[in-house]
Amino acid sequence: MLARSLGHRVPARSARLARFSSARRVFLRGNSRNALVSRGLGLSESTVSNQSIFIFSRSGRTAQRFGTATFTGEVAHKSDKQIAAWLLGTAGAVFGMVVLGGVTRLTRSGLSMVDWRPEGSMLPRTDEEWRVEFEKYKRFPEFKRINQSMDIEEFKFIYFLEWAHRMWGRALGVIFAVPLAGFLLKGRIKKTPAKLPTRLPLLLLMGGSQGLVGWWMVKSGLEEPKDKRKDPRVSPYRLAAHLTMAVGLYSGLLWTGFTCMHPNRLAANAFSSVPRVRMFATSALGLVGTTMLSGAFVAGNDAGHAYNDWPFYAGRMIPEDVWDPDLKPQWRNYFETTGTVQFDHRNLAYITAPLVWGTYALARKNPATLPPAAVSASGIMAGFVAAQVGLGITTLMSNVPVWLGSAHQAGALTVYTSGIYLLHTLRYVR
Ligand code: HEM
């Protein structure tokens with residue numbers, strides 16, 4: 001009965017049904033109703049009957065299955081599963097693109113294509129076309145300084161990876177734009193809680209500019225390094241910017257997708273644990289993001305190939321080169337000195353993981369005043385972060401083989417995804 005009333009205006013008498021349907025949790029919105037909740041679940045019929053009350057299920061499941069009813073003064077929105085699938089599918093493609101980008105970097109393939117055309121290009125087909133591309137590559141420092149012994153077959157492999165990474169980006173544009181055109185024509189892009197008319201152009205802009213940022217990053221690796229002792233490689237700052245933008249785009253797609261799937265917010269001002277757990281979850285997600293950013297500097301400086309013992313740094317508690325006094329300005333140490341970037345990354349992870357576990361502990365302590373999805377999501381995030389720390393240590397101790405480096409990068413995104421989902425389950429009307 002309750003399930004059938006999903007998203008529809010229901011007469012006040014239905015509230016009585018909710019009251020008797022083993023309602024363990026009642027979420028209310030609006031100051032006038034706070035007082036009612038603080039008196040337990042003593043909903044007064046007269047108050048209810050004077051208001052427009054909507055009863056709908058949470059997280060797309062039926063009220064009966066949860067034994068829960070949700071009351072809110074907000075209009076209850078129906079989920080739009082097609083739009084959600086499109087956005088979440090695009091987010092999945094961004095995930096794949098980030099992992100492929102990691103493989104490209106780890107196999108040192110990223111500098112094999114030395115020019116960039118926004119419209120993209122086909123893979124060379126004839127031997128002559130391959131030879132032309134190889135000759136172009138030979139003019140740049142990576143070949144001259146590192147890959148002089150490379151033959152054309154090896155070149156084809158690294159070229160293919162970089163080409164696939166770039167073409168995946170273009171395919172992503174199509175995956176996003178074609179359904180968008182269809183939804184626009186059908187008038188489906190409406191002002192809903194997902195704020196599609198404002199968010200979609202922003203996401204489009206972020207996706208479009210990612211190609212430019214990628215090329216800006218690659219260009220830095222085609223120049224002769226200022227420090228002659230260093231191998232030619234892309235600027236760690238630009239690598240971090242490229243990864244951060246990809247994560248930003250991914251977050252936007254995920255959040256908007258989840259909102260289309262579960263548009264209704266909790267009216268959680270009646271329950272103290274939701275804001276508190278949300279505060280913890282926000283800090284935990286912020287720290288996951290910061291650890292990821294610091295990981296990009298470990299990757300960008302090839303710092304994973306040093307200090308491959310754990311928990312020490314070549315047998316010491318603090319790496320020997322933790323601060324280079326000659327590096328000017330001094331703050332560059334945080335982003336460019338091998339020992340410092342690795343030290344920062346490890347220690348950020350040691351703060352991040354306990355905070356995620358703390359969030360789970362808090363959620364476990366207050367299960368009756370939280371949506372069940374939030375308790376599960378915090379548990380899943382806690383498990384993922386433990387695995388990620390283990391993966392990071394293994395990656396480091398085995399001197400970053402391609403498959404472990406990629407798994408560690410995918411693991412970071414997985415932890416991040418669970419964090420976004422957790423926060424989304426805790427959206428509430430203030
Ligand atoms: C919350 C836990 C962690 C997160 C979210 C995280 C995230 C990341 C990210 C996003 C990268 C960059 C990957 C890339 O751009 O290719 C990275 C790199 C790296 N991380 Fe972590 N990490 C965590 C914990 C650790 C730990 C505990 C260690 C070791 C003690 C570690 C060791 C490394 C190493 C060696 C790299 C460089 C790998 C490469 O060159 O591709 N990480 N991490």
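A crossing of two helices is left-handed if the near helix is turned anticlockwise from the far one by less than a right angle, and right-handed if clockwise. The legends below describe close-up views of a predicted model.

**Figure 1. The packing of helices H11 and H15 in the predicted model is a left-handed crossing.** Helix H11 covers residues 273–300, and helix H15 covers residues 402–425. The axes of H11 and H15 are 10 Å apart and meet at an angle of about 160°. Angles over 145 degrees count as roughly antiparallel, and H11 and H15 are therefore roughly antiparallel to each other. Thr-417 belongs to helix H15. Thr-417 has 19 other C-beta atoms within 10 Å and is therefore classed as partly exposed. The C-alpha atoms of Thr-417 and Tyr-250 are 8.9 Å apart in space, although 167 residues separate the two in sequence.

**Figure 2. Helices H8 and H9 pack against each other with their axes 10 Å apart.** Helix H8 spans residues 152–185 and helix H9 spans residues 196–222; the angle between the two is about 160°. This angle makes H8 roughly antiparallel to H9. H8 passes H9 in a left-handed crossing.

**Figure 3. The shell around the ligand comprises 31 residues.** The closest of these residues are Gly-295, Gly-304, Ala-349, Gly-392 and Gly-405. Helices H5 (81–106), H11, H13 (338–365), H14 (372–397) and H15 each contribute at least two residues to the shell. By residue class, the shell holds 17 nonpolar, 12 polar and two charged residues. Because domain 2 (79–264) and domain 3 (265–430) both give residues to the shell, the ligand lies between these domains.

**Figure 4. Two cis peptide bonds precede prolines, one from Trp-310 to Pro-311 and one from Lys-328 to Pro-329.** For the bond from Trp-310 to Pro-311, omega is near 5°. For the bond from Lys-328 to Pro-329, omega is near -15°. Pro-311 is situated in the loop between helix H11 and helix H12 (333–336). Pro-329 is likewise placed in the loop between H11 and H12.

**Figure 5. Asp-302 and Tyr-307 have positive phi values although neither residue is a glycine.** The phi of Asp-302 is about 55°, and that of Tyr-307 is about 50°. Asp-302 is part of the loop between H11 and H12, and the loop between H11 and H12 also contains Tyr-307. Asp-302 counts as partly exposed because 17 C-beta neighbours lie inside 10 Å. Tyr-307, by contrast, is buried, as 22 other C-beta atoms lie within 10 Å; the cut-off for a buried residue is 20 or more.

**Figure 6. Asn-308, in the loop between H11 and H12, is paired in this view with Ile-393.** The C-alpha atoms of Asn-308 and Ile-393 are separated by 8.9 Å in space, and the two residues by 85 positions in sequence. Asn-308 has 15 C-beta neighbours inside 10 Å and so counts as partly exposed.

**Figure 7. Leu-370, in the loop between H13 and H14, is paired in this view with Val-277.** Leu-370 counts as buried because 25 C-beta neighbours lie inside 10 Å. From C-alpha to C-alpha, Leu-370 and Val-277 are 8.7 Å apart, with their positions 93 residues apart in sequence.

**Figure 8. Ala-85, in helix H5, is paired in this view with Gly-257.** The C-alpha atoms of Ala-85 and Gly-257 are separated by 7.1 Å, while the two residues are 172 residues apart along the chain. Ala-85 has 14 C-beta neighbours inside 10 Å and therefore counts as partly exposed.

Key: Residues are numbered from 1 along each chain as its sequence is written. This is a predicted model: local features need pLDDT of at least 70, side-chain atom pairs count only at pLDDT 80 or more; totals for chains, interfaces and linings use all residues. Helices (H or I, at least four residues) and strands (E, at least two) are DSSP runs, numbered from the N terminus. A residue is buried if 20 or more other C-beta atoms lie within 10 Å of its own, exposed if 12 or fewer, and partly exposed in between; C-beta atoms are placed from the backbone. A residue is near a molecule or strand if its C-beta atom, placed from the backbone, lies within 6 Å of it. Ala, Val, Leu, Ile, Met, Phe, Trp, Tyr, Cys and Pro count as nonpolar, Asp, Glu, Lys and Arg as charged, and the others, Gly among them, as polar. Domain bounds come from an automatic or database domain assignment. Axes are lines fitted to C-alpha atoms, for helices over the stretch in contact, and angles run from 0 to 180 degrees between N-to-C directions. Angles under 35 degrees count as roughly parallel, over 145 as roughly antiparallel, 65 to 115 as roughly perpendicular and the rest as oblique.
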